[in-house]
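Student: I've got the structure open and a coffee in hand. Can we walk through it together, one question at a time?

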Amino acid sequence: MKQMISRAFLLLSGIAVLLLSACSKIPEQGKHIPKTAALVLGINSKQIQEKLVTEGLSVDKLFDALQQKDTSNEMTKALKEAENSGVDLQGNVYVAMVPGDKGNGYVMAVAKLKDEAKFEAFLKEKSKKEITAGKDFKFLEDKDAAIGFNKETIIGVFPINPNKLPYGDESDPFAMLGDTTAPAPQAPEKANKAELLDGLFHLKADESVANIESFKDIQKEKGDVLFWMSSEQIYAFNPGTPSGMAALVTTNVKKLTAGAFQTAALHFENGKIKVNSTSYAGTEIKEIMKKYPMEKVNMSMLENYPSENVLGFMLINFDLRMLGDILKLVGMDGFANMGLAEAGITLEDLLKAFKGEIALIGSDFTVESVPSAWDSTYKTTKPHAKWVFNMKVGDKAAFEKIMNAPRIAPMFTKEGNEYKPAQDLGGEMAVSITNERILFSSDAALMQAYTEGKSKVKLDEGVESKAKGNVLSVYFSVEKLVNNLPAEEMKLPDSVANDIKGLLKDLTVATEPFDGKSQKSVMELNFKNEGQNTLVQLANFTQKMYGYYLSKKKEDEAAWGDAVTDSAAVAADTVAAPVAP
C-alpha cells in the first residue's frame, strides 16, 4: 500500500517535473493552494505538448522511446499508465511546499481530472483497497501520503518533518551562535491528512495563494514554467524555538523576510531558454533599497579589458552601505564591529571606503598538458585562464584610514599614490591598489594592458548591449569552456563529445534597477541551434545521452563478466533523430 501511494504521488509530481509548462491565467488548481505556501511550481502540460508536437515529437513517443531502451524504467511505466488513469494530461499541474501552523509541513500536488470514475478505478486497482468518501470528495491514504479527488481536481499531500535534517539528525540550527540553552526541537504534530485534504478542497478565496498580488503577476506571464516563493514562509520552516541571542537574531531576520516574494517564469523558445524573474522586497528592505539606490554598471571596467576571447564577466554596482543597514536590522552589526576593532577600523569605515562598483572578467581559457609534480615523465592537465578583478574606491578618507590601520599598514608599502604588497605574493598574480581602485589580475602584463586601456575588449555579437543599463550583468561562454576541454579529459566517444559541444552557446543575466516595488532580472541560456525549440533540443539530447549510458553500461557489464539483460540498449548515434509524428 505504501509503495502504491508513493507511486501515485510520484505520478503527479512526475507530470509536473517532466512535462514542464506554465499558465497565463489563474487556473482552478491554483485556488487549492493555501496562501501560507512557501514554494509553488506551476505547470501547463498542454502548452509544452504543443511545442513538442510542432517539432514532430510527443510525450507519448518520448516515453515509448525510453521504454524501448530501458524496459525496467519505473518512471516511464508510471507515466505511461497515467494515460489511462483519468488524469487530464493537458491540464495545469501545481506542486507546492507548505509549512504547518503546529510544526508540521507538507508537500502537495494538484492536477486536473477529466474522468473521476476512471481515476477511482485506477486507484482501487493499484492499492487493492476501497476509497473513502469525504464531504464532497473521495480519498485514499496511508502512513506517508494521501490522495483526494472530486469531479474536477486531484490533490496529493505528503506530510514532511521540517525538523528532520537531510542526514537524519535533529539538532539546534542556532548552535553556531553559541546558544546551547535552547531546547531541542520537538517532533511536529502529525497532520490529519483527511482534514488537510478537506481544507484544501474548500479553501476560501482570501485563504488561497491565488489572492496574493505577486502570484497573480507571475500568472500573467505566458511562460512554460512558473515559480513562486514566499521568503517569509520559507523561514516559517525553521525548526525549534531558539532562545537568548539566537531568538533576537531570529526575530530580526523575520523583518527581512516579511512581505518578500520571488517569482520566475521560464520560456522554452527557439534557440534559447529565457527566465524572467521578479524580486518583491519586504517593507524593511524596500526602505533600505530606496535609501541606497543602485546605479548602472560601469561598462568602461569591461571595455578596457584587452582580449578577443572573453570567457565570462560579472559587473555589479551597488552601495555597500546597504549591507551595513541590513546587518543593523538583524542585530549583527555589533558582532561585525567587534571583529574589525582588532584591525583598528569600524564597519562604517569599511562600507564607506568602497563603492560596490565591481568587475570580474575572465578570458583565454585553456587546458594545458604539463609534467606531473611527482613524476616528470608523466603528463597531467592543468586549466589556465587570464582574469582581472576591479573594485572602485568610494570615500577616500575612509579608504586611507583602512590602509593606515595598525594591522593593515605593515602589509603594504606606499609609493606615490599606489600601495604595493610588502612581501612577494609568489606566482604570477599581480596586485595594484590606489585611492581610486583595487586591482587583482592573473599576471602583470595583463594588468598593465588593462590599466593603460589602449586595447579594447571584443565580445560576441549582442553581449555588450545586453550588459548595458543594468545594475548586475553576467555573461559566461559555455561554448568556449567545453570547446577547450581536451578529449582525454572528457573521456567520452567523439560522437558524444561533439553532441555536448554542439548544444550550448552562452549564459547571460541582466538585473534592472529597483523600481520602488520590485526588481526584475532576465536570464538567457542560449543554444547553438537557433532555429529549433530548446525543449525539443533537450529532449533529443537526453535520448542520445541515455542511449550512450545504456550502451556504456552494457560494455561495462560484459567487461566484468556480468550477464547483460538489457538487449534494447543501443549506441548513442542511433537515437539522434527526432521521433516522427
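Student: Okay, which residue in strand 19 does L472 stand opposite?

Tutor: Keep in mind that we're looking at a predicted model. Strand 18 covers residues 472–477, and strand 18 pairs with strand 19 (residues 504–511) in the antiparallel sense over 6 bridges. Within that pairing, the residue opposite L472 is T511.

Student: Strand 18 has a partner in strand 11 too. Which residue of strand 18 is the bridge partner of L315?

Tutor: Strand 11 takes in residues 310–317, and its pairing with strand 18 is antiparallel, over 5 bridges. For L315, the bridge partner in strand 18 is S473.

Student: Which residues of strand 18 make up its covered face?

Tutor: In a regular strand, side chains alternate between the two faces of the sheet. On strand 18, the uncovered face has L472, V474 and F476. That leaves the covered face to S473, Y475 and S477.

Student: Let's zoom out. What percentage of the protein's residues are buried?

Tutor: The protein has 21 helices and 20 strands. Its exposed area is about 29100 Å², with carbon and sulfur atoms supplying 54% of that. Of the 581 residues, the buried share is 45%.

Student: And among contacts between residues at least 6 apart in sequence, what percentage join residues at least 24 apart?

Tutor: L351 and G324 make a handy example: they sit 27 residues apart in sequence, and L351 is in contact with G324. Across the protein, among contacts between residues at least 6 apart, the share joining residues at least 24 apart is 72%.

Student: Staying with L351, is it buried or exposed?

Tutor: L351 is found in helix 14 (residues 347–353). Beyond its neighbours within four places in sequence, it touches L320, R321, L323 and G324. Its relative accessibility is 11%, and since the cut-off is under 20%, L351 counts as buried.

Student: Now the interior. Which element gives the most residues to the largest nonpolar core?

Tutor: That core has 27 residues, and I33, V40, M108, I155, V157, F215 and W228 touch the most other members. Elements giving two or more residues include strand 2 (92–99), strand 3 (105–112), strand 7 (153–160) and helix 6 (193–201). The top contributor, with 4 residues, is helix 6.

Student: How many residues are in the other core, the one with A343 and V393?

Tutor: In soluble globular proteins, nonpolar side chains tend to be buried together. This other core lies apart from the largest one, and A398 and I408 are also among its members. Its residue count is 23.

Student: Strand 3 came up in the largest core. How many of its 8 residues are buried?

Tutor: Strand 3 has pairing partners in strand 2, antiparallel over 6 bridges, and in strand 7, antiparallel over 8 bridges. In the first pairing M97 is matched with V107, while in the second K112 stands opposite T153. Strand 3 is mostly covered, and its buried count is 7.

Student: On to the rings. What is the angle between the planes of F119 and F149?

Tutor: This is one of 13 aromatic pairs in the structure. The two rings are edge-to-face and 5.2 Å apart centre to centre. F119 belongs to helix 5 (residues 116–127) and F149 to strand 6 (residues 146–149), 30 residues apart. The angle between their planes is 80°.

Student: Why is the pair of F215 and W228 called edge-to-face?

Tutor: F215 is in helix 7 and W228 in strand 8, 13 residues apart. Both are buried, F215 at 0% relative accessibility and W228 at 0% as well. Their ring centres are 5.9 Å apart, and planes over 60 degrees apart count as edge-to-face. The planes here are at 85°, so the pair is edge-to-face.

Student: Last one: why do V496, A497 and K501 end up on the same side of helix 20?

Tutor: All three are buried residues of helix 20 (residues 494–501). Their cover includes helix 18 (478–483), helix 19 (487–490), strand 19 and helix 21 (534–559). They are on the same side of helix 20 because the arc they cover around the axis is only 135°.

Technical notes. Residues are numbered from 1 along each chain as its sequence is written. This is a predicted model: local features need pLDDT of at least 70, side-chain atom pairs count only at pLDDT 80 or more; totals for chains, interfaces and linings use all residues. Side-chain values use heavy atoms; hydrogens and water are left out. Buried means under 20% relative accessible area, exposed over 50%, partly exposed in between (1.4 Å probe, protein chains only). Two strands pair if DSSP finds at least two bridges between them. Contact means heavy atoms within 4.5 Å. Accessible areas come from the Shrake-Rupley method with a 1.4 Å probe; for residues, only the protein chains shown count as cover. A nonpolar core is a set of buried Ala, Val, Leu, Ile, Met, Phe, Trp, Tyr and Cys residues joined through side-chain atoms within 4.5 Å. Rings of Phe, Tyr and Trp (its six-membered ring) pair if their centres lie within 6.5 Å; planes under 30 degrees apart count as stacked, over 60 as edge-to-face and the rest as tilted. The arc is that of the directions from the helix axis to the C-beta atoms.
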